[in-house]
Amino acid sequence: MLEYDLAIVGGGLVGGSLASALSGSGLRVLVVEAVPTGAAHQPSYDERVIALSWGSRRIFEAIGLWSAMAPDAEPIRQVHVSDRGHCAFTRINQSDGDVGSLGYVVPARVIGQAIGVQLADAPEIELLSPARLLDHRVTPGQVELHIDGAAGPLTVRTRLLVAADGGDSAVRQRLDLKMDETRYDQDALITTVSVDRPRPGVAFERFTESGPLALLPMTEGRYSVVWTCQRDDTDRLLALTDETFLKALQERFGYRLGRFTQAAPRRAYPLMLRLTRNPVQPRVVLIGNAAHTLHPVAGQGFNLGLRDVAALAGVVTQCARAGADLGGPAALADYRAWRGRDQFATARLTDLLARVFINPWPPLRLARGAAMLGVDLIPPARRRLAQRFMGVSGRLPRLACGVPLEKADV
Ligand SMILES: Cc1cc2nc3c(=O)[nH]c(=O)nc-3n(C[C@H](O)[C@H](O)[C@H](O)COP(=O)(O)OP(=O)(O)OC[C@H]3O[C@@H](n4cnc5c(N)ncnc54)[C@H](O)[C@@H]3O)c2cc1C
């Protein structure tokens, strides 16, 4: 029977990043991905555009992926936050964060391509795709995986199973893990638009009665739109002609970027919060959306998942170097100590933003206007907020400091 040090189920943004981080580590890694490599319908590397924090750039640099995505990455130098129908606003500038830029806007597809190229060159990473994990069984000292691969059923053994199989994680369902779930009854409608007065480097977050509307700067003066809408309005917005859609967007956003001139096809994603209460189980760890699916209001979901990757890659390579069991209780407790607080705090903060900024209750609107002005006028408040969203606050694992992993020598 084939044996691996570690098996990752799900080769999407988070699972693929973990495999990349471990390439060259000396560990034998298996990746099981349901969708064929390079397929246009890969659900993780689709049309969405990711606002990467500065901290995520550092992780990608340490993994060796950043240079491949840098030509398509548009820096964010200012975030402009406003409330529709009110004059209050906040600006967070790159100078508030003490680093080159607050973050970068990168198409998910570009991240997927960079991961694909690196994995194709990594002989110790085996990618089974298309293949599905059917079942797993924890036995003393290892996990047995039953896989449905392109060449038929297959059983392999590993010391640690990492579930990076997304928000509907089959591993989480099989383990019957408890999670806190909120369905917002909203969808995020995404598209890319062109404008006639682009402001390179400026990202906009505008809170409206139906939810936040984000415009993220892209290369060539384009903007990625993430329009949060009430579920019963989604079909109408998807069915509009491009011209009427652009008019509706203009009415909602205003003329800070001039006129909207062109729109790419639209697509909608259901929004929810799912926070797995204990994503660390004997010989199994859930990471990324499998552990925490967030509202995209603050662009934190993938950044949080990438911090899971940085911590887990650090823990398993360190264990392997020390000759310890990388799926054993000590390693898992170490990983949990790194990640528990950040996962909980980021999920709660995102949920709070999603709720507070759509609540039309007048005293709350007044309070959030005052809070926005306060943040705009008080530099230490802006600084704290900037550092939180840049993923550079708190205790950081090695990769998140931009330092490559040491080889595991196994
Ligand atoms: C509209 C929108 C905008 C967003 N914007 C941002 C942003 O600006 N910044 C940010 O940080 N985050 C953002 N996010 C969040 C980000 O997209 C997610 O956090 C990220 O996609 C999570 O990646 P993942 O790999 O954990 O899960 P997924 O992307 O869901 O990938 C899961 C992978 O597992 C595979 N899989 C599933 N089941 C199996 C199985 N049984 N066997 C084998 N393989 C399997 C799937 O094929 C897929 O490849 C946004 C999300 C949305 C919806």
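**Two helix crossings, explained**

Guide: In this predicted model, Leu 13, Gly 16, Ser 17, Ala 19 and Ser 20 of helix α1 meet Ala 108, Ile 111, Ile 115, Gln 118 and Leu 119 of helix α4.

Visitor: What makes residues of α1 and α4 count as meeting?

Guide: Contact requires heavy atoms within 4.5 Å. Sorted by class, the contact of α1 with α4 has six nonpolar, four polar and no charged residues.

Visitor: How do the axes of α1 and α4 cross, and at roughly what angle?

Guide: The axes of α1 (residues 13-22) and α4 (residues 108-120) come within 10 Å and cross at roughly 35°. The crossing is left-handed.

Visitor: Why are α2 and α8 called oblique to each other?

Guide: Let's set the value against the cut-offs. The axes of α2 (residues 54-63) and α8 (residues 301-321) cross at roughly 40°. Angles under 35 degrees count as roughly parallel, and 65 to 115 as roughly perpendicular. The angle of α2 and α8 fits neither class, so the pair is oblique.

Visitor: Which residues make that contact?

Guide: From α2 come Ser 56, Ile 59 and Phe 60, and from α8 come Phe 302, Asn 303, Leu 306, Arg 307 and Ala 310. By class, that is five nonpolar, two polar and one charged.

Visitor: How do you know that the length of α8 agrees with what it should span?

Guide: At 1.5 Å a residue, the 21 residues of α8 should span 30 Å, and its end C-alpha atoms are 31 Å apart, so the two agree.

Visitor: Why is α8 described as largely enclosed?

Guide: Buried means under 20% relative accessible area. In α8, 19 of the 21 residues are buried, so the helix is largely enclosed by the rest of the structure.

Conventions
Residues numbered from 1 in each chain as written. Predicted model: local features only at pLDDT ≥ 70, side-chain atom pairs only at ≥ 80, totals over all residues. Heavy atoms only, no water. Axes fitted to C-alpha atoms, helices over the stretch in contact; angles between N-to-C directions. Helix = DSSP H or I, 4+ residues; strand = E, 2+ residues; numbered from the N terminus. Parallel < 35°, antiparallel > 145°, perpendicular 65-115°, else oblique. Nonpolar A, V, L, I, M, F, W, Y, C, P; charged D, E, K, R; others polar. Expected span 1.5 Å × (residues − 1). Buried < 20%, exposed > 50% of the residue type's maximum accessible area, 1.4 Å probe, protein only. Left-handed = near helix turned anticlockwise from the far one by under 90°.
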